[in-house]
Every structure is written in C-alpha cells, then in structure tokens.
Amino acid sequence: MPNAPSTPALIDIDVVRAAALSCTKCRLAAGRTQVVWAAGNLEADLLFIGEAPGFHEDREGEPFVGAAGQLLDKLLGEIGLDRTKAAIVNVIKCRPPSNRDPQEDEIDACRPYLQAQIDHMAPRVIVTLGNFATRFILESSVGITRARGRKYRRGEATVVPTFHPAAALRGGRFGGISPIDAIRQDFRVVRAVLDEPPPQSRHPVEEVVAASEQLDLF
Ligand code: SF4
C-alpha cells in the first residue's frame with residue numbers, strides 16, 4: 001500500500017525520474033527497451049494508473065500508446081479532457097516479458113517511483129485501471145469487478161476504480177455490465193468530482209482513511 005501522501009515540496013520529481021530511467025532494481029530491467037515513466041501532465045489534478053508497459057509502450061517510452069491508449073483518449077474526450085489535463089502512469093515502469101502479470105517483488109521494487117509520482121501530484125482524483133492498480137491503491141486483494149462503482153478516499157484524493165481499457169477492447173460482460181459501459185459510467189463520476197470546488201487544502205499529511213477499511217464495510 002502506498003504510504004500517506006508526503007509534502008509535495010519535498011519531492012524533486014526530476015531526480016526521481018532520472019533514477020527510474022536507469023533503474024535496475026528488478027529483473028524486468030534485463031528485458032526492457034526503455035523505462036516507461038509517464039505520459040500527460042504530472043501537474044494535473046487527475047492521475048490514471050495502469051498496470052505495466054506493453055509492447056508499444058516499451059518501444060515508444062510512453063504509457064498507453066497502443067489501441068488501449070487510443071480508447072483511453074477517446075473516453076477522456078467524452079468527458080471534455082485530454083492528456084494535458086491528466087497524468088498517465090503504470091504501477092510497473094518496465095515491460096514484463098510476453099506481457100505477463102507483474103510479480104509481487106517487482107511491484108515492491110517499483111513502488112517508490114509510483115509513490116513519488118503520487119506524492120508530487122497530490123491529485124484530486126486517482127483512476128485505477130484494472131486489478132493491479134486498484135489493489136495497489138486500495139491496499140486490498142479485491143478485484144476490479146467488485147471494487148468499481150464506488151468512490152474511495154486516499155488522503156484528499158478521490159479514488160475511482162474502473163476497468164482497464166484493454167478489457168473494454170476484449171469485450172464481454174463482468175458483474176452485469178460491459179467494461180466499456182462501466183468505464184463510461186466511472187468517467188462521468190470523475191468528471192463530477194473534478195467539477196466540484198477544489199478543497200481548501202491540497203496536501204494534508206495527518207490522516208489517510210485506508211480504502212481497504214472502506215471495502216470491508218461492503
Ligand atoms: S520495473 Fe521498476 S523497479 Fe524494476 S527495473 Fe523497472 S523501474 Fe526498476
């Protein structure tokens with residue numbers, strides 16, 4: 001679980017990025033073309049968190065550049081946003097071989113980079129795309145089908161879990177709804193939260209309500 005947000009002024013994100021770009025802390029360094037740090041605007045109020053780079057991301061060095069990225073851009077446009085209004089990152093910064101699932105020790109090794117990105121941004125809204133990001137942020141083993149459809153608190157951030165756009169491309173139905181319809185529902189929630197007046201204080205450090213505790217309520 002990510003720690004409580006720290007004071008963003010203490011985070012020099014350029015230093016962290018430089019460290020990430022030459023990182024060899026886990027086995028994924030051996031097979032990558034390049035580290036995939038972030039896309040979009042790391043000063044924005046909105047942060048999307050995906051799983052790990054795929055083939056195209058590994059080649060181009062940017063998250064969500066393939067078909068899933070195009071769908072994400074389309075869905076963002078439907079709520080009046082684009083990549084200048086959001087940052088897009090992954091839990092894991094290097095491509096796992098053959099796009100296999102990230103392993104627990106790889107997630108742990110890469111955790112400080114995502115934590116630094118979150119701390120630097122102190123986003124108003126965090127959208128977790130799919131199981132890995134949702135479990136990382138909610139500190140829970142719950143799957144996305146069960147987690148989505150609700151908002152959670154993490155510090156001052158509102159967490160909105162939804163399906164990964166790749167799931168929408170695969171089709172099917174989960175929990176009685178198609179992933180694409182679910183994402184559209186969840187994105188309307190994102191838009192509504194962003195349209196609320198901004199909180200007085202952006203960066204509290206004293207209290208975080210664990211999202212896993214909220215899940216236990218249901
Ligand atoms: S996945 Fe993360 S921890 Fe592993 S080598 Fe890449 S940047 Fe480092």
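Which helix gives the largest share of the shell around the ligand? Helix 4, residues 104-121, does, with three residues. Keep that helix in mind as we walk through the rest of this model, which is a predicted one.

Let's stay with the ligand for a moment. It has 14 residues around it, and the closest are Cys 23, Cys 26, Ala 29, Cys 94 and Cys 110. Sort the shell by class and you get ten nonpolar residues, three charged ones and one polar one.

Now step back to the whole protein. Its secondary structure adds up to nine helices and six strands. Of its 218 residues, 42% count as buried. The chain also makes plenty of links across its sequence: take the contacts between residues at least 6 apart, and 77% of them join residues at least 24 apart.

Next, the sheet. Six strands build an open sheet with mixed pairing, and their order is 1-3-2-4-6-5. Strand 1 (39-40) and strand 5 (152-154) sit at the edges with a single partner strand each, so each has one side without a neighbour in the sheet. In general, strands of a sheet pair through backbone hydrogen bonds, and they can do this in a parallel or antiparallel way. Strand 2 (residues 46-50) and strand 4 (residues 125-129) go for the parallel option, over four bridges. Look there for Leu 47, which stands opposite Ile 126 in strand 4. Packed on the sheet is helix 5 (residues 131-138), which touches strand 2, strand 4, strand 5 and strand 6 (157-162). The direction of helix 5 makes about 135° with that of strand 4.

One residue deserves a stop of its own. Leu 42 lies in the loop between strand 1 and strand 2. Is Leu 42 buried or partly exposed? With 18 other C-beta atoms within 10 Å, Leu 42 is partly exposed, because being buried would take 20 or more. Beyond its neighbours within four places in sequence, Leu 42 is in contact with Ile 13, Ala 87, Gln 117, His 120 and Met 121. As for Lys 85, it is 43 residues away along the chain, and its C-alpha atom is 9.0 Å from that of Leu 42.

Finally, how far should you trust the picture? The mean pLDDT is 88, and 87% of the residues reach 70 or more. Over residues 3-8, though, the pLDDT is below 50, and that stretch has 18 contacts in the model beyond near neighbours in sequence. Residues 203-218 are also below 50, with 31 such contacts. Where pLDDT is low, the predicted coordinates should not be read in detail.

Conventions: Residues numbered from 1 in each chain as written. Predicted model: local features only at pLDDT ≥ 70, side-chain atom pairs only at ≥ 80, totals over all residues. Pairing = 2+ DSSP bridges. Helix = DSSP H or I, 4+ residues; strand = E, 2+ residues; numbered from the N terminus. Contact = placed C-beta atoms within 7 Å. Axes fitted to C-alpha atoms, helices over the stretch in contact; angles between N-to-C directions. Near = placed C-beta within 6 Å. Nonpolar A, V, L, I, M, F, W, Y, C, P; charged D, E, K, R; others polar. pLDDT = per-residue confidence, 0-100. Buried ≥ 20, exposed ≤ 12 C-beta atoms within 10 Å, placed from the backbone.
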